[in-house]
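The exercises that follow ask you to read a structure step by step. Look through the sequence and the model before you attempt each task, and compare your reasoning with the worked solution.

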Amino acid sequence: MLKQKNILVAGGDKRYLPVIDTFIHHGATVYAAGFDQLHFKKQGVIQSSLEEMDFQRLDAILLPVSGTDHNGKIESSYSDTPLHLSPSHIKQTQEHCVIY
């Protein structure tokens with residue numbers, strides 16, 4: 001079901017680590033933004049930033065439960081650098097891309 005899907009996991013806390021593992025176990029490629037303090041050694045996880053992300057390739061975006069604030073700021077427990085999801089990022093996604 002997730003084979004060959006590209007999923008951005010943007011921010012979050014330790015609850016998102018097993019979610020990332022589940023995604024890669026089922027064949028997805030995970031782009032992890034906001035996890036600068038961690039080093040993923042698993043194949044299928046690519047550490048990224050929102051600025052360098054190619055949003056056109058994404059099939060899904062997973063945000064923390066809190067989502068974003070009114071300025072697009074995303075909470076992340078594993079980064080000292082603020083994450084901001086902008087309307088221009090969303091406009092770059094394909095129609096089929098789902099945001100959770």
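In what follows, a residue is called exposed when its relative accessible area is over 50% and buried when that area is under 20%, with partly exposed in between. Keep in mind throughout that this is a predicted model.

**Exercise 1. Decide whether Gln 4 is buried or exposed, and describe its backbone.**

Step 1: Locate the residue, which is found in the segment before S1. 
Step 2: The relative accessible area of Gln 4 is 69%, and because the cut-off for exposed is over 50%, Gln 4 counts as exposed. 
Step 3: Turning to the backbone, phi of Gln 4 is near 65 degrees, which is a positive value in a residue other than glycine.

**Exercise 2. Work out how far S1 is enclosed, and which strand it pairs with over 5 bridges.**

Step 1: Of the 5 residues of S1, 5 are buried, so the strand is largely enclosed by the rest of the structure. 
Step 2: Taking the two faces in turn, Asn 6, Leu 8 and Ala 10 are buried on one side, while Ile 7 and Val 9 are buried on the other. 
Step 3: S1 pairs with S2 in the parallel sense over 5 bridges, and within this pair Asn 6 stands opposite Thr 29 of S2.

**Exercise 3. Place the strands in the sheet and find which of them stand at the edges.**

Step 1: The open sheet has 5 strands in the order S3-S2-S1-S4-S7, with parallel pairing. 
Step 2: S3 and S7 (98-99) stand at the edges with a single partner strand each, so one side of each has no neighbour in the sheet. 
Step 3: S2 (residues 29-33) is joined to S3 by 4 bridges, the two running parallel, and Ala 32 stands opposite Gln 47 in S3. 
Step 4: Helix H1 lies across S1, S2, S3 and S4, and runs at about 175 degrees to S1.

**Exercise 4. Describe the surroundings of Asp 59 and of Asp 13.**

Step 1: Asp 59 belongs to the loop between S3 (45-48) and S4 (60-62), and it is buried without a salt bridge. 
Step 2: The nearest side chain of opposite charge, that of Lys 5, is 4.6 Å away, whereas a salt bridge requires a distance within 4 Å. 
Step 3: Leaving aside neighbours within four places in sequence, the contacts of Asp 59 include Gln 4, Asn 6 and His 96. 
Step 4: Asp 13 lies in the loop between S1 (6-10) and H1 (16-25), where its side chain makes a polar contact of 2.7 Å with the side chain of Arg 15. 
Step 5: With neighbours within four places in sequence again left aside, Asp 13 is in contact with Ser 77 and Tyr 78.

Methods:
Residues numbered from 1 in each chain as written. Predicted model: local features only at pLDDT ≥ 70, side-chain atom pairs only at ≥ 80, totals over all residues. Heavy atoms only, no water. Buried < 20%, exposed > 50% of the residue type's maximum accessible area, 1.4 Å probe, protein only. Lys, Arg positive; Asp, Glu negative; His and termini not counted. Contact = heavy atoms within 4.5 Å. Polar contact = N/O pair within 3.5 Å; in protein donor to acceptor, adjacent residues only side chain to side chain. Pairing = 2+ DSSP bridges. Axes fitted to C-alpha atoms, helices over the stretch in contact; angles between N-to-C directions.
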